[in-house]
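Me: Could you walk me through the charged and nonpolar side chains of this protein? I'm new to this, so please go step by step.

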Amino acid sequence: MYDFDHQLFLSLNFDGGPVVDRLMLTVSGTAMWLPLYALILWLVWRRGGWRNVIVFTVLMIAALALSDMVSGIFKGNGVLGDLLPGFEPRWRPMFTPSLEGLDIAPDSLRALRMTGTPGNWTVHVPVEAVSGRFGTVSAHAATIVALAVLSASAIRRRWFTALMIFCTLLICYSRIYLGKHFPMDLVWGTLVGAILGWAAYQAYRKLTQKKELQ
């Protein structure tokens, strides 16, 4: 697989200590973002009422689920994981031996990471972040971008769009900090999420416009 983004990854990944580790693990999780989902649905309700909320929620769930499934195609996992049997997945940075100057198999490095073997590692990876094998395509990037495109297009408030951009960048960076994704993994995920988020918004616009014309 390509390695032109290795240096960019290494320039962004660093050891920020226990506090930053915990922060990035939280950012990369789900619970922290539940208030954001509530805010989005409230803003949709204010703009169009309960019917719009129901339509939006269905399309949001569909966009997020599809983003995750499409991302899984390139990792050989999930519901659609068998669609590209000949595709060679890209290992996560934390399991890329060349970054550590090691001449071992990725699975061997993964075994070292899983046991929490101490060492002078080049790639900083909090112990709690060690999981999975492959990073391309980033499902985190795909889902947050799909949500951002759909919600920002439906709500149309500058401050909200700025908020979603900030949240997207924060989540994407957390994946680099945790050693889970190279920058290009996030770029591919962004493309997947943007396409599916825009498709979901087009469906939302058509369905809600029909109601308004009745």
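Me: Leaving aside its neighbours within four places in sequence, which residues is K75 in contact with?
Reply: Happy to help! Keep in mind that this is a predicted model. K75 sits in the loop between α3 (34-73) and α4 (97-100). With those sequence neighbours left out, the residues in contact with K75 are P89, F134, G135, T136, V137, S138, A139 and H181.

Me: Which side chain of opposite charge is nearest to K75, and how far away is it?
Reply: K75 is buried, yet has no salt bridge. A salt bridge needs the nitrogen and the carboxyl oxygen within 4 Å. The nearest side chain of opposite charge is D68, at 6.5 Å.

Me: Is R156 buried or exposed?
Reply: R156 is found in the loop between α6 (139-155) and α7 (158-177). Together with R46, R47 and R157, R156 forms a positive surface patch. Exposed means over 50% relative accessible area. Because R156 has 52% relative accessibility, R156 counts as exposed.

Me: What is the N to O distance in the salt bridge of R22 and E128?
Reply: Side chains of opposite charge can pair when their charged atoms come close. The side chains of R22 and E128 meet in such a salt bridge, and their N to O distance is 3.3 Å.

Me: How many residues apart are R22 and E128?
Reply: R22 lies in helix α2 (residues 17-27). E128 is in the loop between α5 (106-114) and α6. The pair links distant parts of the chain, and the two are 106 residues apart.

Technical notes:
Residues numbered from 1 in each chain as written. Predicted model: local features only at pLDDT ≥ 70, side-chain atom pairs only at ≥ 80, totals over all residues. Heavy atoms only, no water. Patch = residues over 30% accessible without salt bridge, like charges linked within 9 Å, V, L, I, M, F, W, Y side chains within 5 Å. Areas by Shrake-Rupley, 256 points an atom, 1.4 Å probe, with all protein chains shown as cover. Lys, Arg positive; Asp, Glu negative; His and termini not counted. Charge placed at Lys NZ, Arg CZ, Asp CG, Glu CD. Helix = DSSP H or I, 4+ residues; strand = E, 2+ residues; numbered from the N terminus. Buried < 20%, exposed > 50% of the residue type's maximum accessible area, 1.4 Å probe, protein only. Contact = heavy atoms within 4.5 Å.
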